[in-house]
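Open the structure in your viewer and keep the selection tool at hand. The stops below go from strands to salt bridges and end at a cavity.

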Amino acid sequence: MKMADRDSLKKNISSRFKINAFTLKKDALEFAVEKLEPFDKDKRAYWIKRLIEGLRKENFNGTVVDLDTLRNVTAAVSTSRNDNIPILNVFDVTSVPRWDIAPDGELIMHEERKENGLEVDNATMALRQRLMIVQTRISRTSELDGCTISPIDSLISSAPSEGTIIVVGVLVKIKNDQYHIEDLTGCIPIEITDQTTFHAGIFHIGSVMIFEGEWDGRVLITCAIALLPSHSADETRAYIGNSNLFGGTERIAFRSCPKLANRAARGADSSIVILSDVNVDNHDTRRALFLLLEGFTSCPPTAFILCGDFCSRPLQLDSNQLVEDGFIQLAKLIKQFPVYSNSQFIFVPGMKDGGLTNILPRPPLPQYLQKPFSSLSNCIFTTNPARVQLLNQEIVIYRNDTVERLCNNAIHVPDNLDNLPNDVVRSITSNAHLSPLPPSIQPIIWSLDSTLRLHPLPDLLIMADRFENYHVEQKGCIVSNPGPFGRLQYHFHVYFPDKRKIDPSSIDLSN
């Protein structure tokens with residue numbers, strides 16, 4: 001191996017361990033490089049993941065991994081015979097393949113994630129991709145058959161239109177009271193009047209939308225604005241193929257794997273319990289968690305998904321200490337129920353957990369907050385967003401206050417708020433992105449923007465939001481918001497993958 005390739009491999013190994021809160025000593029890092037050199041990119045990623053999982057299963061308490069520890073873990077995972085795809089697998093953002101869409105709609109798979117390069121270049125490419133992914137659906141959407149889409153550059157130098165025209169672009173706000181539409185060719189101002197008709201959805205800054213109106217030579221005077229129809233996973237797969245865009249080292253999408261489909265058909269007892277805003281520093285929350293765990297002892301679920309924020313008083317000087325103390329109590333609580341030894345506890349940080357800035361994606365909780373669970377091999381701390389493979393189903397977990405953020409930055413919110421969850425979900429799935437907002441509102445690590453894409457749509461999308469609990473289905477994708485596990489009642493959802501069904505539940509401590 002060339003020196004440059006070896007240095008690149010060394011950097012990749014070191015960064016993958018660091019994002020999982022482990023630091024390899026120099027001799028341990030050299031050992032890892034020596035062992036992984038013979039493999040291709042996919043096999044290296046697979047074995048790095050196995051080594052990190054091995055460290056967790058060995059109940060390794062520290063953060064610095066020495067040579068002897070790594071040798072022992074390598075021997076343990078190398079002799080393991082369980083090389084089949086497991087029933088449940090959790091992927092953090094580093095495990096999501098990097099891919100893009102070409103202008104003609106062709107899928108482009110990249111060998112490795114571009115960590116270097118100018119951030120402005122990464123941002124430009126990411127924002128262009130958000131638009132292009134949506135645009136690829138235009139020619140495949142029956143509702144748009146017969147419609148002529150006008151590129152913006154064809155309007156800029158043209159005379160006023162005779163009749164209405166249609167433009168597809170991103171809504172941006174350049175001045176305080178002036179909105180514009182951008183596509184890949186240019187940018188024009190628009191005028192929204194009292195007569196403008198809004199179709200179903202939330203229409204916010206940063207969203208890709210269809211604008212219909214009259215061009216007066218300077219401004220597009222809109223008469224109607226709509227979201228592009230979303231496509232089901234099967235419709236998307238029909239033109240991008242069965243490549244694995246979800247996560248892990250498998251080349252074929254999990255939903256397209258016959259072996260997993262057969263196992264799913266045989267297993268009808270799996271379930272996932274979903275909780276959000278689990279304030280572990282709150283005594284009543286821990287009491288409700290005890291009742292929840294006690295209630296599932298007769299039918300242990302495959303996994304418990306616990307989303308933050310984990311502190312009732314986030315971003316305070318003592319917030320992390322409160323979470324650490326709460327996790328110590330929660331770990332003791334889980335140990336009281338050995339029946340859950342085969343159930344996975346998956347922890348997804350909230351936007352205010354860990355004392356970090358408001359940026360996506362979020363890393364796992366710091367190692368010292370994970371330490372109370374070091375003696376439990378079934379606790380997984382992952383990123384926000386995160387992805388879960390359950391047999392042949394794909395599940396995306398995202399913790400953010402999406403409803404509030406979209407509505408606060410909308411040019412139009414429907415009068416009937418009873419349909420607000422449907423409208424929010426329609427906006428998210430139409431844009432095929434978890435956070436279709438401009439960077440001034442939601443900062444993004446641009447080299448990781450592709451990990452927030454929803455293309456194709458997953459089987460289950462968990463939108464853990466402080467908004468009231470809801471579950472809706474959009475183009476075959478079930479969207480679950482369990483609501484806060486706290487306040488007046490402790491709401492949660494139970495997902496049954498074999499029935500593709502959400503069961504809304506709650507615990508009432510007033511009884």
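## Strands first

Select residues 386-390 and 393-399: these are strands β17 and β18, which pair in the antiparallel sense over five bridges. The model is a predicted one. Within this pairing, pick Val388 and look across to β18, where its bridge partner is Ile395. Now move to the turn of the β17 and β18 hairpin, which has two residues between the strands. Leu391 in this hairpin takes a positive phi near 55 degrees.

Next, show β18 together with β20 (460-464). These two strands run parallel and are joined by five bridges. To see how they line up, select Ile397, which stands opposite Ile462 in β20.

Stay on β18 and turn on its side chains. Is the strand mostly covered or mostly open? Mostly covered: seven of its seven residues are buried. One side carries Gln393, Ile395, Ile397 and Arg399, and the other carries Glu394, Val396 and Tyr398; both faces are covered.

## Salt bridges

The structure holds 15 salt bridges. Side chains of opposite charge can pair when their charged atoms come close.

Select Asp449 and Arg130. They form a salt bridge whose closest N and O atoms are 2.9 Å apart. Asp449 is in the loop between α13 (420-431) and β20, whereas Arg130 is in helix α5 (residues 119-135), so this salt bridge ties together parts that lie 319 residues apart in sequence. Colour the two by accessibility and both come out buried: Asp449 has a relative accessibility of 1%, and Arg130 has a relative accessible area of 11%.

Go next to Arg255, in the loop between α7 and α8 (258-266). Which acidic side chains does Arg255 meet? One is Asp234, at 3.1 Å from N to O; another is Asp459, at 3.2 Å from N to O.

Take the Asp459 contact before the other. Asp459 sits in the loop between α13 and β20, so its salt bridge with Arg255 ties together parts that are 204 residues apart in sequence. Asp234, by contrast, belongs to helix α7 (residues 233-240) and is 21 residues from Arg255.

Compare the surroundings of these three residues. Asp234 counts as exposed because its relative accessibility is 53%, over the 50% cut-off. Arg255 is partly exposed, with a relative accessible area of 25%. Asp459 is buried, at 9%.

For the last stop among the charged groups, select Asp277, Arg399, Asp401, Glu404 and Arg466. Salt bridges that share partners join these residues into one network. Arg399 was met earlier, as one of the buried residues of β18.

## A cavity

Rolling a probe the size of a water molecule over the atoms shows where empty space is left. How many cavities of 30 Å³ or more does a search of the whole structure find? It finds six.

Centre the view on the second largest cavity, which has a volume of about 100 Å³. Its lining consists of 14 residues, and those closest to the centre are Leu245, Phe246, Arg387, His455 and Pro456. Display the whole lining and colour by residue class: eight residues are nonpolar, two are polar and four are charged.

Notes. Residues numbered from 1 in each chain as written. Predicted model: local features only at pLDDT ≥ 70, side-chain atom pairs only at ≥ 80, totals over all residues. Heavy atoms only, no water. 1 Å grid on protein atoms, 1.4 Å probe; cavity = no way out; pocket = protein on both sides within 12 Å on 5 of 7 lines; lining within 4 Å. Points joined across faces, edges and corners; volume = space filled by probe spheres on them. Nonpolar A, V, L, I, M, F, W, Y, C, P; charged D, E, K, R; others polar. Salt bridge = Lys/Arg side-chain N within 4 Å of Asp/Glu carboxyl O. Helix = DSSP H or I, 4+ residues; strand = E, 2+ residues; numbered from the N terminus. Buried < 20%, exposed > 50% of the residue type's maximum accessible area, 1.4 Å probe, protein only. Pairing = 2+ DSSP bridges.
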